[in-house]
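User: I would like to learn how to read the nonpolar cores, the confidence and the chain contacts in a model like this one. Please take me through them one at a time.

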Amino acid sequence: MGDAWVLPALPIAGFVVLLLFSPWLPRKGDWLAIGLMALAFVLVLVIGRDVQNAIGDGNFHGVARSWQWSNIPGALEIRMGTFVDQITLVMLFVVTLVATMMMVYSTSYMHGDRRYGWFFAIVSLFVASMLTLVLADNLLLLYFAWELVGLCSMLLIGYYNDKQSAAEAAKKAFITTRVGDVGLLIGIIILFTQTHTFNIQQILHMAEAGDINSKWLTGAAICMFAGACGKSAQFPLHVWLPDAMEGPTPVSALIHAATMVVAGVYLVARMLPLFEVVNGMPELITVIGLITTLGAALIGLTQRDIKRVVAYSTLNSLGLMMVALGSGAVGAAMLYLFVHAFFKASLFLASGSVIHATEEQEVDKLGGLWSKMPITAPVFVIGAAAMAGLIPLSGFWAKDEILAGLYHGPIDHAALVLVLISLPITALYMTRVVLLTFFGEPKDHHVFEHAHESPPAMTAPIAILAVLTVVGGFVIFEGVGKALGFHSGWLGFVYNAAEGPEQFKVVWWLSIFSVVSVGASILAGAWIWGGAAEPSKRAAAFSPFFYRMSLNRFYVDELYQLIIDKVVLASGRAVAWFDRAIVNDSGVNGTGEATGYLGFLAKYSQTGKIPNYALGIVVGVVVIAIVAFGYRT
Amino acid sequence: MESVHASIPLSNFIVLSSILFSIGVYGVLARRNAVLMLMSVELMLNAVSINMVAFAVYTAPTFFVGIIFAVFVITIAAAEVGLALAIVLRVFRNRGTANVDEIDTLKW
Amino acid sequence: MTQVFFYIMAGIVVAGALGVVLVRNVVYAALLLIVSLLGVAGIYILLSVEFLALVQVLIYGGAVTVLVLFALMLTRTGELKEKLDGDQKPLAAVAALALLGAFFAMISQTTWPRDINQLTVVPFGDIGDALFNRWAVPFEIASGVLLVALVGAVVISMQEEGER
């Protein structure tokens, strides 16, 4: 565990080699990236066993190892290194597994692309930064990795660099997350000025002991949460995630489903002891999560692009994770993160498979693909069902734990009610997209004729992920956990550090309610969108206002563009005017011109006539005499 | 003869000197012909000499630097007039005029 | 008695000077210059520095005036019927009067030293002594200046080849 630094080092090495030498390597070096990633995954399993051995049955507080990074005595002594605990372990597992799956998938999906080698290089760099982020033991290193992750995300969103929309989406992603990142940096700096350390564990201890001034602590917490909102696409910084679908589908699967967007969730989970000390912070986190999850669910009902629907489902899930953290249910949130990585990645990769097969993304052109894609279609259906929370798939167990956490938690039960409302809506839109894509009459026969199943390099990873989707949720049971070599089920392994390990208990009426509501909505969805989908058209006509609001994503993007135009660009124009007219023309040029003009006027005193100059001399003497004379008296 | 000191106060000489100087200044500024300007300069120099000599005689008769000064002033004035008139002749030959008003090529 | 003498001499000086700067005829101006300078010589005699009066008459009355008259002749000032007074005559008058006013103000503000009863005549021999002993260096330099002026005047006013 002390050697966990090897984990990011492997993909970094891959990145450097691929960046420099990929054009000359056979197959552009993708085997190198995949090999290093698989090796990293194996190392994660080794670390997991070490963590388990260290826990035994007692409490475990994580293993840290650090090196001196800067040493200015008295002012800046920073140590950087790794910190491994259970939360870290979950993230490591998820990142390396999904990355390996995705890279294998990409060998087929990205085959023949002009920038193939560069793709693997940047993905390796991304994984390295993500691993560093979750391993970081201090906030400064975390921030470095945070920014690096954002950079890789931008590079990969804009991968198709000949498309204007891709470039704009990359820019939008970077700028929106930047807004959050500024908050994160300010929060880190505030914490440093108050505690004189960047080390996370030290800060958490000081916060819990009440050693930090509460006003500064509140400010720092809000600022850091803003950073988490940016990276995890919470309202109001959610606008970049749907547009990020401009990137290649494997990128969406890895970065925007399984790993990078959960960096914000990871941050909140890691800093939760600090957030819980601040008054009102858990409520704030819950509210933001609720807005995100409900809004995304409502928007997902009307979107036409299959990847967009999955993107909004990601927003839905992220909001849910934040709500869970707001109630302090770290175990539930991390469980959801764990299973979400599997089913969301499988959904994205399956969508990629559909797109690869049909060259189409709009559901208006799809339909009836079940018969044509015997592996992709079931995988997608399984993933969608897990997303909806159908028992006994993994999504159900995770959602159930979240509901239980809300029920037992300190937040007002109104939040629980709202989450319960969002469950059927989620089921509804997932059902919609499944029906419109894979069932019913094909809407475009030309597309239908050409559709075919994808090659094994693509179907194998998604199949593996589908299997994990089905069984992944069972780790919540004690028996399963012990069978895997751990000392207890999930909740005994991953828990809120402030509260301690939990036992898995079922809140029966909640579970039954969620099963029933999900089942009912799936049936309702089948009725609305099945077959010729007549009821959906009636519903759309019934309330055009809601339909338009949903279709246009509640006009948030338009609002931001308006603000940018009216406020940002207008102030830019004002400043530019000021700079041009006042500073440049009046100040810089004006001074020169004034001097020139004075010179122009003054030259007329050089008449060249001696009597004039003599007069000047005499006048000068008289003036001096008067001044001296007046002085004397 | 009664002492000149008793009957004519020093200030008289100084007044005379300043009047002569002012007249010389007017001449330098108002006259157009170069030679006439030089004559006015002579007047100014003489005014200065009277001033120095008067001060020397009245206040420090044993240390008569003012008188020596006046001697040198006369000497240098003579030299300068010769040289200046040579220049005026040269200018007259080049320009055809001795009017200082018309010699103004070094202007804007 | 001496007072009368003084006022006469002063009057000659001032009148001559005014004439130099005001009259229309250049030759008259030159001659009035001589008159004025001779008046100055009289002032020197009044001040008991006869040596200086002598030098004044010799140099100014002799050399300088002749030079001036020759220059007037060679530059044809008398023949060319041009205005003798410049454009800035009023300004010149104002400046000169201002200067005069400044002088008078200063003179009236000064406390002059009390008269002494005995006239101290400066012995002529002492002047010569001082001139060649104490003031020897300026004396030599003055002669250098005269040499330079002489040579310079010749060089400047030399007629070139083909010049009229």
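Analyst: This is a predicted model. In the largest nonpolar core, which has 204 residues, the members that touch the most others are A:Val98, A:Val265, A:Val268, A:Leu325, A:Ala333, A:Tyr336 and A:Ala345. Helix H15 (residues 330–358) of chain A supplies the largest share of this core, 18 residues.

User: Which residues is A:Tyr336 in contact with, leaving aside its neighbours within four places in sequence?

Analyst: With those neighbours set aside, A:Tyr336 contacts A:Leu320, A:Met321, A:Ala324, A:Ala398 and A:Ile402. Apart from the largest core lies another one, of 81 residues, and its members include B:Ile14, B:Leu16, B:Tyr58 and C:Ala149.

User: How should I read the confidence, and where in chain A is it lowest and highest?

Analyst: Where pLDDT is low, the coordinates of a prediction should not be read in detail. Chain A has an average pLDDT of 84, and 96% of its residues score at least 70. The lowest confidence in chain A falls in helix H24 (residues 534–542), with a mean of 71. Helix H5 (residues 139–157) of chain A has the highest, at 91.

User: What does the secondary structure of chain B come to?

Analyst: Chain B has 4 helices and 0 strands, so its elements read α-α-α-α from the N terminus on. Of its 108 residues, 57% are buried. Contacts can also be sorted by separation in sequence. Among those in chain B between residues at least 6 apart, 51% join residues at least 24 apart.

User: And how many helices and strands does chain C have?

Analyst: Chain C has 6 helices and 0 strands, in the order α-α-α-α-α-α from the N terminus. Buried residues are 25% of the 164 in chain C. For contacts in chain C with a separation of 6 or more, residues 24 or more positions apart account for 50%.

User: How many residues does each of chains B and C bring to their contact?

Analyst: The size of an interface is often given as the accessible area lost when the parts come together. Here the description is by residues: 68 from chain B and 75 from chain C. On the side of chain B that touches chain C, helix H1 (4–7), helix H2 (10–30), helix H3 (34–59) and helix H4 (65–95) of chain B each supply at least two residues. H4(B) gives the most, with 21 residues.

User: How does that side of chain B divide into nonpolar, polar and charged residues?

Analyst: The side of chain B that touches chain C has 45 nonpolar, 16 polar and 7 charged residues.

Terms used: Residues are numbered from 1 along each chain as its sequence is written. Chains are lettered from A and ligands numbered from 1 in the order in which they are written. This is a predicted model: local features need pLDDT of at least 70, side-chain atom pairs count only at pLDDT 80 or more; totals for chains, interfaces and linings use all residues. A residue is buried if 20 or more other C-beta atoms lie within 10 Å of its own, exposed if 12 or fewer, and partly exposed in between; C-beta atoms are placed from the backbone. Two residues are in contact if their C-beta atoms, placed from the backbone, lie within 7 Å. Ala, Val, Leu, Ile, Met, Phe, Trp, Tyr, Cys and Pro count as nonpolar, Asp, Glu, Lys and Arg as charged, and the others, Gly among them, as polar. pLDDT is the predictor's confidence in each residue, from 0 to 100. A nonpolar core is a set of buried Ala, Val, Leu, Ile, Met, Phe, Trp, Tyr and Cys residues joined through C-beta atoms within 7 Å.
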